[in-house]
Amino acid sequence: MSYVVSFENVYKIYPPNTIALRGLSFSVKKNDWLVILGPNGAGKTTTLKIISTITRPSKGKVKVFGHDVSKDRDVIRSKLCIVPQEICLDPWFPLEKSLEFIARMHGINKKEAKKLVKSALKKVGLLGHERKLVEALSTGMMRRAQLAIAFIVDRPLILLDEPTLGVDIIGKFEIWELLRNELKNRTVLIATNDLIEAEKLGQKVLLINNGESIAFGNVNDIVRQQVGELTLRISLKSKDYIQSIIDKLKEEVSSEKLIYGKTKTISIVINSVEEAMMLLSALSDYSNIIESFGLDRFSLEDLFRKLINR
């Protein structure tokens, strides 16, 4: 099978001895949307930099559209667009001029650049702001302006590094809808540490930590395989009792079970309703502390917490 992106046992070592990737392997098919999910420093940005030929792997094979990233940089660059985490628009330029400059850098002629910039600004909801200096834009507007690059430099492979970083939750939902609507029939790779973003945008997820792949595949499938099918959520009247209740639950289940507390809620991943009833019975001494309980389906957060050990 021909893949748009393939990594085979890839290492990246920065001098003097910082290992950013450790034997990373995965593949992406045409028109797939893959979310690369992991904590800060996991190796997400390094992975995108290797795909876009900004940096080379220290060991292993990486191919993009069948081309070796170490040998065929120009061919690969002509087939992809990367929207980096850092704002790359010139802060002292009017927005439209900054985007036109980026278009010209990608070989687009002046007339076509103006046309594409106007179209992209309309898509991201910034038409009417084109004459504003980039530095005068709000954080949310600046992110939208940055994403306009993907619509101007329209390539079959789109790489997005933390596309909603610093944006409020309403703005995030608007950007996610925009990406889903406007980047159809594209292969899209998104690096993020935002769990909601991963669930909203990813057909598949590559979960990495310390440069290693610890899960790869369809989100629901890998959650079922590695965590369980249900999560028991127990809400407490006071957060003061969280640790004592967690300790009690740990006495009742195997050490491999995922149990964690957040504010006044305890979550434990389980396999059946019967198991939930058994655990609630074991907490009878805490009945005056428990405000409510319920069962949720497994979640990406549960998977993330288990595999990252957070």
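Here are three short exercises on this predicted model, each with a worked solution.

Before starting, note that residues are numbered from 1 along each chain as its sequence is written, and that side-chain values use heavy atoms, without hydrogens and water. Local features need pLDDT of at least 70 and side-chain atom pairs count only at pLDDT 80 or more, while totals for chains, interfaces and linings use all residues.

**Exercise 1. The sheet**

Find the order of the four strands in the open sheet, and name its edge strands.

*Solution.* Start with the strands, which are DSSP runs of E of at least two residues, numbered from the N terminus; helices are runs of H or I of at least four. Two strands pair if DSSP finds at least two bridges between them. Strand S1 (residues 5-14) and strand S4 (residues 59-64) run antiparallel and are joined by five bridges. Within this pair, Ser6 faces Lys63 in S4. Extending the pairing gives the order S2-S1-S4-S5, with antiparallel pairing. Strand S2 (18-28) and strand S5 (67-68) are the edges, each pairing on one side only.

**Exercise 2. The largest nonpolar core**

Work out which residues touch the most other members of the largest nonpolar core, and where this core lies relative to the domains.

*Solution.* A nonpolar core is a set of buried Ala, Val, Leu, Ile, Met, Phe, Trp, Tyr and Cys residues joined through side-chain atoms within 4.5 Å. Buried means under 20% relative accessible area, exposed over 50%, and partly exposed in between (1.4 Å probe, protein chains only). The largest core has 50 residues, and Leu37, Leu95 and Leu99 touch the most other members. Helix H5 (residues 139-152) gives the largest share, nine residues. Because domain 1 (5-221) and domain 2 (227-308) both contribute residues, the core lies between them. Next, look at helix H3 (residues 95-105): its buried residues include Leu95 and Leu99. Helix H4 (110-123) and H5 are among the elements that cover the buried residues of H3.

**Exercise 3. The domain contact**

Determine how much area domain 1 and domain 2 bury between them, and which residues of domain 1 lose the most.

*Solution.* Take the bounds from the automatic or database domain assignment. The domain centres, taken over C-alpha atoms, are separated by 37 Å. Contact (heavy atoms within 4.5 Å) takes 13 residues from domain 1 and nine residues from domain 2. Buried area is the accessible area (1.4 Å probe) that two parts lose on being put together, summed over both. Here the domains bury about 930 Å², 81% of it on carbon and sulfur atoms. In domain 1, Leu195, Glu199 and Leu207 lose the most area to domain 2, together 43% of what that side buries.
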